[in-house]
Amino acid sequence: MNIFFLTAFPEMIRTYLAESMFKKAFENELVTYHVWDLRDFTKDKHRQIDDTPFGGSAGMVLKPEPFFRAHDKLKELINSETFRVICPTPQGKVLNHRLALDLVKDENLIFFCGHYKGIDERVMENLVTDEISIGDYVLTGGELPALVIADAVIRHIPGVLHSYESAESDSFADNLLEGPIYTKPREYRKLKVPDVLLSGNHAKIEEWRYEQRLIRTKERRKELLKSKPEKNDFGGKNG
Ligand code: ADE
């Protein structure tokens with residue numbers, strides 16, 4: 001998968017890509033990253049990327065030209081007229097597990113990161129194919145949401161995580177939240193690990209884990225139990 005970020009703040013993106021899962025996915029040649037500075041697609045001396053909104057109102061709007069020029073370059077690079085362009089925005093459809101699984105099917109993932117008041121609507125109407133929100137709150141720019149979306153997608157590329165199982169058994173893969181997990185020591189400050197986990201009885205442990213996931217989901221996100229599971233039925237392989 002090739003991931004492109006078009007942004008006015010490239011260092012915000014680069015910093016994050018240089019660590020952890022993003023870094024490993026690149027080193028293992030499962031993804032390539034292309035962080036493009038919006039200012040490199042300007043033509044004026046001041047490399048101006050924003051301007052005041054027509055009709056008046058507070059704040060600055062990102063100009064259309066740099067986005068259109070970057071899109072032209074993408075067309076050449078990808079060698080196609082049609083590809084998905086994601087713009088993170090609170091006005092978009094809300095990211096969830098299902099959408100992440102849909103996006104991982106694409107060979108190219110392109111993010112147009114907004115900032116300030118937003119991006120000129122001509123970009124949104126003519127170039128952007130997917131407006132995606134990461135939740136009902138407003139952030140200062142699209143860089144963090146783009147990274148959030150990319151993270152949620154990349155971890156589903158086979159080979160990115162230690163075993164693909166670990167993404168499959170994530171919360172939401174089967175509409176259940178994750179249950180509690182423990183590590184050594186068995187007892188710390190009189191706080192004990194549940195006996196069942198030390199029992200060595202794997203069938204019993206699996207049953208307990210599934211129960212815990214159900215309890216937690218009922219307590220914290222009851223509505224998930226009513227919606228259709230993405231993949232496995234409850235109690236399936238990862239239940
Ligand atoms: N940009 C600003 N806020 C956002 C949000 N909640 N989701 C996606 N992009 C955003």
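**The sheet**

I began with the sheet, and I kept in mind that this is a predicted model. I found an open sheet of 5 strands in the order β2-β1-β6-β5-β8, with parallel pairing. I then looked for the edges: β2 (32-37) and β8 (130-133) each pair on one side only. From one strand to the next, I noted a twist that averages 35 degrees.

Next I picked one pair inside this order. Strand β5 (residues 85-94) and strand β6 (residues 108-112) are joined in the parallel sense over 2 bridges. I looked up I86 and found its bridge partner in β6 to be F111.

**Helices across the sheet**

Which strands does α6 lie across? I listed β1, β2, β5, β6 and β8, and I noted that α6 runs at about 175 degrees to β1. Helix α1 (residues 10-17) also went into the notebook: α1 lies across β1 (2-7) and β2, and its direction makes about 160 degrees with β2.

I checked the length of α6 too. Helix α6 covers residues 143-154, and at 1.5 Å a residue its 12 residues should span 16 Å. Its end C-alpha atoms are 16 Å apart, so the expectation and the model agree. Then I went through α6 for burial and wrote down E143, P145, A146, L147, I149, A150, V153 and I154 as buried.

**A buried aspartate**

D50 caught my eye next; this residue lies in strand β3 (residues 50-51). Which side chain of opposite charge is nearest to D50? I found R39, at 6.3 Å, and D50 is buried yet has no salt bridge. A salt bridge here needs a nitrogen and a carboxyl oxygen within 4 Å, so I could not count R39 as a partner at 6.3 Å. I also listed what D50 touches beyond its neighbours within four places in sequence: M60, V61, L62, K63 and Y116.

**Salt bridges**

How many salt bridges does a search of the whole structure find? I got 16, and I followed up a few of them.

My first stop was D130 with K93, a salt bridge whose closest N and O atoms are 3.7 Å apart. D130 lies in strand β8 and K93 in strand β5, so this pair ties together parts that are 37 residues apart in sequence. I compared the surroundings of the two partners: D130 counts as buried at 5% relative accessibility, whereas K93 is partly exposed, with a relative accessible area of 46%.

I then turned to K105, which forms a salt bridge with D102; here the closest N and O atoms are 3.3 Å apart. Is K105 buried or exposed? I noted K105 as exposed, at 67% relative accessibility, and D102 as partly exposed, at 28%.

The last pair I looked up was R221 and E223, whose side chains meet in a salt bridge at 2.6 Å, N to O. I have both down as partly exposed, R221 at 31% relative accessibility and E223 at 42%.

Finally I asked which residues are joined into one network by salt bridges that share partners. My list reads R84, K93, D102, K105, D106 and D130. I was glad to meet two earlier pairs again here: D130 with K93, and K105 with D102.

Methods: Residues are numbered from 1 along each chain as its sequence is written. This is a predicted model: local features need pLDDT of at least 70, side-chain atom pairs count only at pLDDT 80 or more; totals for chains, interfaces and linings use all residues. Side-chain values use heavy atoms; hydrogens and water are left out. Helices (H or I, at least four residues) and strands (E, at least two) are DSSP runs, numbered from the N terminus. The expected span of a helix is 1.5 Å times one less than its number of residues. Buried means under 20% relative accessible area, exposed over 50%, partly exposed in between (1.4 Å probe, protein chains only). Lys and Arg count as positive and Asp and Glu as negative; His and the chain ends are not counted. Contact means heavy atoms within 4.5 Å. Two strands pair if DSSP finds at least two bridges between them. Axes are lines fitted to C-alpha atoms, for helices over the stretch in contact, and angles run from 0 to 180 degrees between N-to-C directions.
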